[in-house]
Structures are given as C-alpha cells and as structure tokens.
Amino acid sequence: EIYEAALAPSRWTVVLERLVARFKGRAAALRTFEAVPETGGLWITHGIGRQPRDEFARYFHTGNVWEARANALGAFRPGAVVTSDMLLPHRELQASEFYRDFLPANDIQDLLGLVLHDGRTAPMPRTVLSIFRGHRQARFGEADVSLAREYLPHLARAVEMNFRLAELRRLEAINRVALTGFAPGFACFRRDGTLLVANRAAEA
C-alpha cells in the first residue's frame, strides 16, 4: 500500500489510517514544509478534522514547540525518528501555548515523528510524517521508534516517487505547449510504437 501511494497520492489517506492502527495512535499527518498542496506539496491527515487542520495552518504552526525544538536540536535529518519526550520534557510541552490552546482540544498529547526528507535534495521538500497519541493512550517508547525506523525508508521512497513523477508530468506539459506551436509535424514514440506526444501538424 505504501508504494501504491507513490503512484496515486490519494492513497496516502489509506496508508496513514493503517499506520495509526499499527502504532496504536489516534491521528497522523504527512506534511511537506516548503511546498503546500497548491504547489504540489503534501498536507494529508487521518483522524484530524478539517477545522483543526486549518487552524493549525493559520495560527498554531508558528507556535509548534515540537517543530521549534527539532530545529534547535538539528533533528530534521533524513532517517531521524523522534518522540515528544526526545524533543522536550513533557512539563515544558504542557506549559506551552501550543499545548494549552491546540493539543488538548484535539486530544493530542504525544508525537512520533519520522523525517523522510530534509529539503536539501531537489526536488524533495522537507517532509515529515507524524503519528499522534491521545491523552488516554500510553506514550511512545523505544519499541515504537524501532518499528518506525523499519517503515521510514519505504515511506521516504514513496514520497520521492510522488514528487519525481509530478516533475515528469510538469515537464511533459511544458513540452506539449512548446511543441504545439512547432510548425513542422513532430511526433515522439516509445520503442513499442506507442505515441507519447505529437503537435497539431503531426496529428493533422
């Protein structure tokens, strides 16, 4: 299913649902930091409603103490797996505005974060998959971190395939526009004879 999502990004909702069940979580989010959905980025959630997701995007992401501490610790490295307790003491989390105003209202108290990409290798933006647990659930431990490390390389490859295929589609669209105005007939075929692209002169 992870690699199905590589070919069809709409399948990520199913992947997140299965990961939440596997890690006995409450919710999950797959997010690209520099690229928003309008520019081909990912912002996919499971177990988080539209309203809290929009509230996070508008207000609370700037006060996200998990993200701030991960930046300070240099934790946004490809392949890194962190929990809330690895980033900051729980009491410090509870004292934050981010916790008081956002997390309890959405029954989120713990984080398991998987850094899939750090944004330094084109065309990949920084990408993190976060799994959350609620206030009545046990906190993430070492066994969860170990299991996450098994999943991480497959998730990272699937997201990379998403972006590389999107880049190929973008280049194909540019080539189509360029070839449409090319006066002589032009067509490009695969080795098996399948037509890939042709301008209007060739189609005529």
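**Inside a predicted fold: helices, cores and a cavity**

Leu7 lies in helix α1, where helices (H or I, at least four residues) and strands (E, at least two) are DSSP runs numbered from the N terminus. The model is predicted, with local features needing pLDDT of at least 70 and side-chain atom pairs counting only at pLDDT 80 or more, while totals for chains, interfaces and linings use all residues. Residues are numbered from 1 along each chain as its sequence is written, and side-chain values use heavy atoms, with hydrogens and water left out.

With a relative accessibility of 60%, Leu7 counts as exposed; here exposed means over 50% relative accessible area, buried under 20%, and partly exposed in between (1.4 Å probe, protein chains only). Leu7 nevertheless has partners from far along the chain: leaving out residues up to four places away in sequence, Leu7 touches Met161, Asn162 and Leu165, a contact being heavy atoms within 4.5 Å. The C-alpha atoms of Leu7 and Ala158 are 8.1 Å apart in space, although 151 residues separate the two in sequence.

The wider picture comes next. The protein chain holds 9 helices and 7 strands, and 41% of its 204 residues are buried. Of the contacts between residues at least 6 apart in sequence, 61% join residues at least 24 apart.

In soluble globular proteins, nonpolar side chains tend to be buried together. The largest nonpolar core in this model has 30 residues, and those with the most contacts inside it are Trp12, Leu112, Leu114, Leu116, Leu129 and Leu155. Such a core is a set of buried Ala, Val, Leu, Ile, Met, Phe, Trp, Tyr and Cys residues joined through side-chain atoms within 4.5 Å. At least two residues of this core come from each of α1 (2-7), α2 (12-22), β1, β4, β5 and α8 (142-180), and α8 gives the most, with 9 residues. Leu155 shows how these parts meet: not counting residues up to four places away in sequence, Leu155 touches Ile2, Trp12, Val15, Leu19, Leu114, Leu116 and Leu129. Apart from this core lies another, of 24 residues, among them Ile48, Phe76, Val128 and Phe132.

Helix α2 has its own set of buried residues, namely Trp12, Val14, Val15, Leu16, Leu19 and Val20. Just after α2, Lys24 takes a positive phi of about 50 degrees.

Aromatic rings offer another view of the fold. A pair of aromatic rings is described by the distance of the centres and the angle of the planes. The structure holds 10 aromatic pairs, counted when rings of Phe, Tyr and Trp (its six-membered ring) have centres within 6.5 Å; planes under 30 degrees apart are stacked, over 60 edge-to-face and the rest tilted. One tilted pair is formed by Phe23 and Tyr151, at 5.8 Å centre to centre and 55 degrees between the planes. This pair links distant parts of the chain, as Phe23 sits in the loop between α2 and β1 and Tyr151 in helix α8, 128 residues apart. Phe23 is buried, at 2% relative accessibility, whereas Tyr151 is partly exposed, at 22%.

Ring pairs also link Trp43, Phe56, Tyr59, Phe60, Trp66, Phe98, Phe102 and Phe132 into a cluster. Within this cluster, Phe56 belongs to helix α3 and is buried at 9% relative accessibility. Neighbours within four places aside, Phe56 is in contact with Arg31, Trp43, His61, Asn64, Phe98 and Phe102. Phe56 and Phe98 are 42 residues apart in sequence and 9.7 Å apart from C-alpha to C-alpha.

The last feature is enclosed empty space. On a 1 Å grid over the protein atoms alone, a cavity is a set of points where a 1.4 Å probe fits but cannot get out, and lining residues have an atom within 4 Å of a point. By this rule there is 1 cavity of 30 Å³ or more. The largest cavity has a volume of about 390 Å³, taken as the space filled by probe spheres set on the points, with grid points joined across faces, edges and corners. The largest cavity is lined by 27 residues, and the closest to its centre are Arg31, Asn64, Leu111, Ser130 and Phe132. The elements giving two or more residues to this lining are β1 (27-32), β2 (43-46), α3 (50-58), α4 (65-73), β4 (110-118) and β5 (126-133).

Ser130 is found in strand β5 and is buried, at 13% relative accessibility. Sequence neighbours up to four places away aside, Ser130 touches Ala27, Ala28, Ala29, Leu111, Leu112 and Gly113.

Key
On a 1 Å grid over the protein atoms alone, a cavity is a set of points where a 1.4 Å probe fits but cannot get out, and a pocket is an open set with protein on both sides within 12 Å along at least five of seven lines; lining residues have an atom within 4 Å of a point.
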